[in-house]
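Trainee: I am new to this structure and should be grateful for a close look at a single part of it. Could you take one helix and explain how it is placed among its neighbours?

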Amino acid sequence: MKDKLGREINYLRISVTKRCNLNCSYCGSKKAAREKELTVEEIKLLTEAFAEKGIKKVRLTGGEPLMREDITEIAQAIKNIHGIEALYITTNATELEKKAAQLKKSGVDGINISLDALDREMYRALTGVDRLSDALKGFYAALGTGFQRVRINSVLVRGKNDGEAEKLISLARDYKTDVRFIELMPFSSQGENRELVVKTAELLERFPFLTPVEEVEEGAAKYYTAEGFRGRVGFISPRSGKFCSECNRVRILSDGRIKPCLGNELTYDIREFIEDKKLLSAKIDEAIFNKPVSHHFEDGENFRGLNLIGG
C-alpha cells in the first residue's frame with residue numbers, strides 16, 4: 001500500500017481512547033471526557049481492512065490505552081488477524097504491573113513506556129499525579145514478562161525535566177531497554193515555544209560517550225550505545241531532523257477517523273463505513289494516497305492535544 005509519493009505504508013497506530021489518568025503538560029489539553037469509543041469489533045474490522053492493504057505492524061495508543069477494561073480483548077483480536085506480524089502498546093505504565101502478563105498472553109509483542117522523569121517531585125510536576133513508583137513497577141513488570149522489547153520514551157522540556165536526561169540514560173545502561181528522547185512537538189503552549197525544545201544535537205553534545213549503533217533499524221529513531229550498556233539510547237528528531245520522506249504510518253483516532261499525518265489536521269471519517277467493506281476500502285485508499293508530504297512543526301502551527309491523537 002503506497003501513497004502518492006510512493007512511500008510504503010505498513011504501520012497502523014490505533015488510539016483506543018482519549019481518556020488518560022495523567023495530565024502531562026506537553027500533551028496540550030486537560031483530561032478528555034469519555035466519548036463513544038470504538039468497540040472491540042469495530043477495531044477488529046478496521047484493522048482487518050488495513051491488513052488487506054498491507055499493514056503488518058499495529059500499535060495501540062491513547063490517551064492511556066490501559067484505561068480500556070477490554071484492552072486485552074482488543075489485543076487478542078488484532079493479533080489473530082491474518083497479515084498482522086507485530087503488535088505493540090504505548091502506555092504510561094501506571095497500570096501495567098497488574099496487566100503485563102495478560103497483555104503478553106493476548107499477543108502483545110512489545111511495550112513502549114512514556115516516562116519523562118525519575119525524580120518523584122519532577123514526575124508529579126509534569127504529570128499532575130504522584131505515581132512514579134507505579135510507573136516504575138510497571139516498567140519492571142514489563143522487563144520480567146518476556147516481551148520482545150521494552151522501550152522508554154521521554155520528552156524533555158528545557159527548564160523543567162532536561163536535567164533528568166542522565167538518569168534516564170542510566171536505565172539503558174542498567175537494563176535491557178531502549179531509552180528514546182523525542183523532541184518536544186507543538187501540541188501545547190510549551191511545544192509552541194521553540195526555546196523549550198531540547199534538540200538531539202544538544203543531547204549528543206552533553207553525552208559524548210554515546211556512539212552510533214552500526215546496524216540501521218527501520219523507524220524514526222537513531223540509536224546509540226556506550227561501553228557497559230545493556231540497552232540503547234535513541235533519538236527521535238521531528239523538529240531538527242525531519243524524517244517525513246521515510247514515514248510509513250497512519251493513525252486511527254479513537255472516534256473512528258483516519259489521520260494520515262501526526263502533524264497535519266487532515267482526517268477522514270470512516271466509522272460509518274466500517275461494516276461496508278467496499279466503501280471502507282475505498283476510503284482507506286483515499287486517505288493513504290493523500291497522505292501529506294510532510295508535517296509543518298517548524299512553521300509554528302498549533303495542533304490539537306496529543307492525547308486526542310494517540311502520539
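**Helix H2 and its surroundings**

Mentor: Of the 311 residues of the protein, 57% count as buried. The model is a predicted one, and its chain forms nine helices and twelve strands. Among contacts between residues at least 6 apart in sequence, 72% join residues at least 24 apart. With that setting in mind, let us turn to helix H2.

Helix H2 comprises residues 71-79, and its buried residues are Ile71, Ile74, Ala75, Ala77 and Ile78. When one looks down the axis of H2, these buried residues fall within an arc of 165°, so they line one face of the helix. What do the buried residues of H2 pack against? Their partners are three strands, E1 (11-15), E2 (57-61) and E3 (86-91), together with two helices, H1 (40-52) and H3 (100-105).

Of these partners, helix H1 deserves particular attention here. Two packed helices are described by the angle between their axes and the distance between the axes. For H1 and H2, the axes come within 9 Å and cross at roughly 25°. An angle under 35 degrees counts as roughly parallel, and H1 and H2 are therefore roughly parallel to each other. The crossing in which H1 passes H2 is right-handed.

Which residues meet where H1 and H2 are in contact? From H1 come Val40, Ile43, Lys44 and Thr47, and from H2 come Glu73, Ile74, Ala77 and Ile78. Sorted by class, this contact of H1 with H2 has five nonpolar residues, one polar residue and two charged residues. Ile74, Ala77 and Ile78 thus appear in two lists: they are buried residues of H2, and they take part in the contact with H1.

Helix H4, which spans residues 120-127, may be set beside H2 as a further example. Its buried residues are Tyr123, Leu126 and Thr127. They cover an arc of only 80° around the axis, which puts them on the same side of H4. The buried residues of H4 pack against helix H5 (132-145).

Arg120 also lies in H4. Leaving aside residues up to four places away in sequence, Arg120 touches Asp130 and Leu132. The C-alpha atoms of Arg120 and Ser133 are separated by 8.1 Å, although the two residues are 13 residues apart along the chain.

Note on methods
Residues are numbered from 1 along each chain as its sequence is written. This is a predicted model: local features need pLDDT of at least 70, side-chain atom pairs count only at pLDDT 80 or more; totals for chains, interfaces and linings use all residues. Side-chain values use heavy atoms; hydrogens and water are left out. Buried means under 20% relative accessible area, exposed over 50%, partly exposed in between (1.4 Å probe, protein chains only). Helices (H or I, at least four residues) and strands (E, at least two) are DSSP runs, numbered from the N terminus. The arc is that of the directions from the helix axis to the C-beta atoms. Contact means heavy atoms within 4.5 Å. Axes are lines fitted to C-alpha atoms, for helices over the stretch in contact, and angles run from 0 to 180 degrees between N-to-C directions. Angles under 35 degrees count as roughly parallel, over 145 as roughly antiparallel, 65 to 115 as roughly perpendicular and the rest as oblique. A crossing is left-handed if the near helix is turned anticlockwise from the far one by less than a right angle, and right-handed if clockwise. Ala, Val, Leu, Ile, Met, Phe, Trp, Tyr, Cys and Pro count as nonpolar, Asp, Glu, Lys and Arg as charged, and the others, Gly among them, as polar.
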